[in-house]
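Me: I have a new structure open and would like to learn how to read it. Could you take me through it step by step?

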Amino acid sequence: MHTKLKRLWKIIRRLSGDDAYEVYLKNLHKQQCKHNNTECSKPLSKAEFFKKWQDEKWQGIKRCC
Amino acid sequence: MNKTLKSTLWIIVAFLGASAVGFIAVNRGENINALWFITAALCIYSIAYRFYAAWIAATVLAVDSTRATPAERLENGRDFVPTHKWIVFGHHFAAIAGPGPLVGPTLAAQFGYLPGTLWILFGAVLGGCVQDMVTLFLSTRRDAKSLGQMARDELGAIGGTAALIATFSIMIILIAVLGLIVVNAMKHSPWATFTVSATIPIAMLVGIYMRYLRPGQVIEASALGVILLLISVVGGRFIDEHNTLRLLFDHEGLTLAWFIMAYGFAAAILPVWLLLAPRDYLSTYMKIGTITILAVAIVFLQPNIKMPAITQFIDGSGPIFGGKLFPFVFITIACGAISGFHSLIASGTTPKLLSNERDICMIGYGGMLLESFVAIMAIIAATILEPGVFFAINSSAGVVGSNALDAVNKISSWGYPVTVEQMQILAQQMGETTLFARTGGAPSLAVGMASIFGKAFGDGLLAIWYHFAIMFEAIFILTTLDAGTRVGRFMLQDMLGNIWPKMGQTSWTPSVILTSGIVVSGWGYFLYIGVIDPNGGVNILWPLFGIANQMLAAIALCVGTGILVKSNKLKYAGITAAPLAWLVIITSTAAWQKITSPDIRIGFFSAANDLANKLASGELPAEKAVIAPQLIFNLHLDAWLTLFFVSLLWLIFIDMLRVCWRYLSGRSILPLSESPHMNSCLLDDWVRD
């Protein structure tokens, strides 16, 4: 039950974008590992990332009729 | 489960579905329960998804689960991110489900419950779902390219340009009609106006919370916003009952239209984080929550449908909009069965998140099935009302008369009895001064939803439920309005950037202000005309939107058909060619009638001529004579716009036929632009956890 609730909470966070910053950090790390970067670029702060993420999200057609 | 058991189960589902559809179709004059609609829908959706969609995915498209998707190949952690299929489904559905499937079926209920229901069910499984799924697949195979880019790459410059123009045009008409729906819902309703207005500061507060107070805490901020929205619904009653405060929110349609235009302009130039993004969070939660509650309430309460299966208005004399059953039921239902706009989401946006091609069926086909189900619920909510009440709410004063007694007499003479007292009691229950001539579909849908919620949670809260439903509709209409104006601005900046590169800079203030102003003026003009139109405006704007939307769907299906033929799959091209042919027929017929019909309630030119004659002969009362020149000009403009849409449709249709013919006769054509195959390296447990 506890695992199911945790899973549901994870889905809600992912759907709403609540965990977007964590996903970004995870992906950034993965990308850097993939390309064997010895010098890691500094990740964006949560506030910086969130603004950039929202600006990019609303560049194109994202909502329909 | 063994094969025999499975087959038996599917035979039972097929039998149940056929029985439910048959019962809905042949039932005349007796009460029919809404559960039959739900049963028919669920059975048809299950069979279509299990057999037709699976066959298309496996045989026609040949989805390949070993092939890396753009989300994997081009992963950048921002827009290209391999994502769990249910998350992608959620994003895709939230993006495609707007007010269209709620408003279209409500308006089409003037023909009775049957025509709209049948088209929503069969149009979706054979047309809309196929369009969404095929477009999603094609875009996934082409690095998540947009519909316009695919049209240009696969069919040529004509296709690409047509898609771009169609998208921009549809955006203008769509925003105008949505603005009109909100205006009609707020007109002389202080409660509704307060509640809808309150969504703006609430969204901004949520935006500031997420940007400065607790950056990125989306759930926390959204929960706060939802609570404030609910308080604003309840608080609206206080405003409505307060003698001074209610005057601040009691406005004519035209005043509200100017407010909406000013709001649209502000929303297009304000930073995304301040208004658009937080409003979208709120509207998405409201949308999913309310639709779920409505579905559960309908299943448990099983209300009876009161509208007849077919009304006399199939002859074209309907009070809500003019035009016969064919082709106008198909044009009016629009997004509930097939929507060209979805192809803009299915290309360019959703493929960037898709982690595996095998999920295309579930997301593309399944997402549209769910949208179709929303349309079924909307038609149920509209048809559980007494038909007399439904027509009294949705018929404009220009059709039934501005006097309440004249209106009820006229509606009752059609065979749908309604009294002034009945409408007064209903308005009082809903917390409104009147519900006569509240055109646009939103108020009648809100009354239907309030009745359902009232039965479930107690009739004492009817007024609260009514205004909750209005707020629910308005909040995501305004999200589409914000987002549409902003996208229109970007498209215009992109186009003008080809002439003067500086104009193409999306952050250059003069360009932002100029292009936002042009876009708002575009839809603002149609909104203004819709508001001053004595026939309510929706009767003109909604069919125009329907034609434009079906035209965009036809463009998407042209791209799909062209690529299937070029991929040497001519024998399967019927899956997109058949709905395409149907759309070309209905769109062309509707356009032809809107342009040439001598009936002044259908034909734009005949209506313009009739008005011009009346103006010249001095037959018009003074208040109508003042606005008549504007209405005449607009009717001409609408006629030319319709002609333009249908010409664009035929242009791309013929261009697609040309490409197919060249391919089949061995002549040179543009090569397929599919990206090369690359094996997927995604581990299932990483992305599909």
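Me: How far apart are the centres of domain 1 and domain 2 of chain B?

Reply: Taken over C-alpha atoms, the centres of domain 1 of chain B and domain 2 of chain B are separated by 26 Å. Domain bounds come from an automatic or database domain assignment, and here chain B is divided into domain 1 (55-188 + 251-664) and domain 2 (190-243). Keep in mind that this is a predicted model, where local features need pLDDT of at least 70 and side-chain atom pairs count only at pLDDT 80 or more, while totals for chains, interfaces and linings use all residues. Residues are numbered from 1 along each chain as its sequence is written, chains are lettered from A in the order in which they are written, and side-chain values use heavy atoms, with hydrogens and water left out.

Me: How many residues of the two domains are in contact?

Reply: Contact means heavy atoms within 4.5 Å. By that rule, 26 residues of domain 1 of chain B are in contact with 28 residues of domain 2 of chain B.

Me: And how do I read the size of an interface?

Reply: It is often given as the accessible area lost when the parts come together. Buried area is what two parts lose in accessible area (1.4 Å probe) on being put together, summed over both. Between domain 1 and domain 2 of chain B, that area is about 2300 Å², with carbon and sulfur atoms giving 82%. On the side of domain 1 of chain B, B:W273, B:L282 and B:I464 lose the most area to domain 2 of chain B, together 24% of what that side buries.

Me: What is the buried area between chain A and chain B?

Reply: There it is about 3800 Å², of which carbon and sulfur atoms give 60%. In chain A, the residues losing the most area to chain B are A:W58, A:I61 and A:C65. This contact takes 35 residues from chain A and 50 residues from chain B.

Me: How many salt bridges cross each interface?

Reply: A salt bridge is a side-chain nitrogen of Lys or Arg within 4 Å of a carboxyl oxygen of Asp or Glu. The rule finds 0 between domain 1 and domain 2 of chain B, and 2 across the interface of chain A and chain B. B:D280 forms a salt bridge with A:R63, where the closest N and O atoms are 2.6 Å apart.

Me: Which residues does B:F545 contact?

Reply: Leaving aside neighbours within four places in sequence, B:F545 is in contact with residues including A:C65, B:I170 and B:A334.
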